[in-house]
Amino acid sequence: MSWTCPKCNRKFHSERLYHSCNVVSMDDHLKKSEPEIKKLAITLINKILTWKKVQVTPLKSMILITAGGNFMSLKTRKSHLEIEFILAQEVTEFPIYKTMK
């Protein structure tokens with residue numbers, strides 16, 4: 001059974017799950033990023049949108065990717081893009097986080 005937040009219209013698996021109702025437009029989310037970061041984020045999002053049953057929700061703090069549940073977030077910064085995967089288990093075999101300038 002799913003629940004829809006009456007304020008932001010986002011769907012969740014359980015009622016009153018803590019979340020941010022601060023849904024923004026994609027342009028608003030990307031406005032502080034440099035042009036090459038915007039282009040990278042849009043290219044990645046367009047590719048993700050070709051997957052079945054995927055929803056992309058731009059929030060103030062991140063772009064959330066869901067498919068029946070949260071599984072990925074994109075955090076656009078001024079000069080870089082952070083990609084986080086939400087997995088059922090912790091992955092520690094190799095470093096995933098890397099910042100490049």
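This report looks at the salt bridges of a predicted model and at the surroundings of one of its residues, Thr66.

A search of the whole structure finds 2 salt bridges. Side chains of opposite charge can pair when their charged atoms come close. In one of these pairs Glu84 is joined to Lys75, and the closest N and O atoms lie 3.2 Å apart. In the other, the side chains of Arg77 and Glu82 meet, with 3.9 Å from N to O. This second pair counts as a salt bridge because 3.9 Å falls within the cut-off of 4 Å.

The table lists the relative accessible area of each of the residues that take part in these pairs.

| Residue | Relative accessible area | Class |
|---|---|---|
| Glu84 | 34% | partly exposed |
| Lys75 | 17% | buried |
| Arg77 | 30% | partly exposed |
| Glu82 | 15% | buried |

Read pair by pair, the table shows that Glu84 is partly exposed, while its partner Lys75 counts as buried. In the other bridge Arg77 is the partly exposed residue, and Glu82 is the buried one. Lys75 is called buried because its relative accessibility of 17% is under the limit of 20%.

We now turn to Thr66, which has its place in strand 4, a stretch that covers residues 63–66. With a relative accessible area of 15%, Thr66 is buried. When its neighbours within four places in sequence are left aside, Thr66 is in contact with Lys53, Val54, Gln55 and Phe71.

Definitions and conventions
Residues numbered from 1 in each chain as written. Predicted model: local features only at pLDDT ≥ 70, side-chain atom pairs only at ≥ 80, totals over all residues. Heavy atoms only, no water. Helix = DSSP H or I, 4+ residues; strand = E, 2+ residues; numbered from the N terminus. Buried < 20%, exposed > 50% of the residue type's maximum accessible area, 1.4 Å probe, protein only. Contact = heavy atoms within 4.5 Å.
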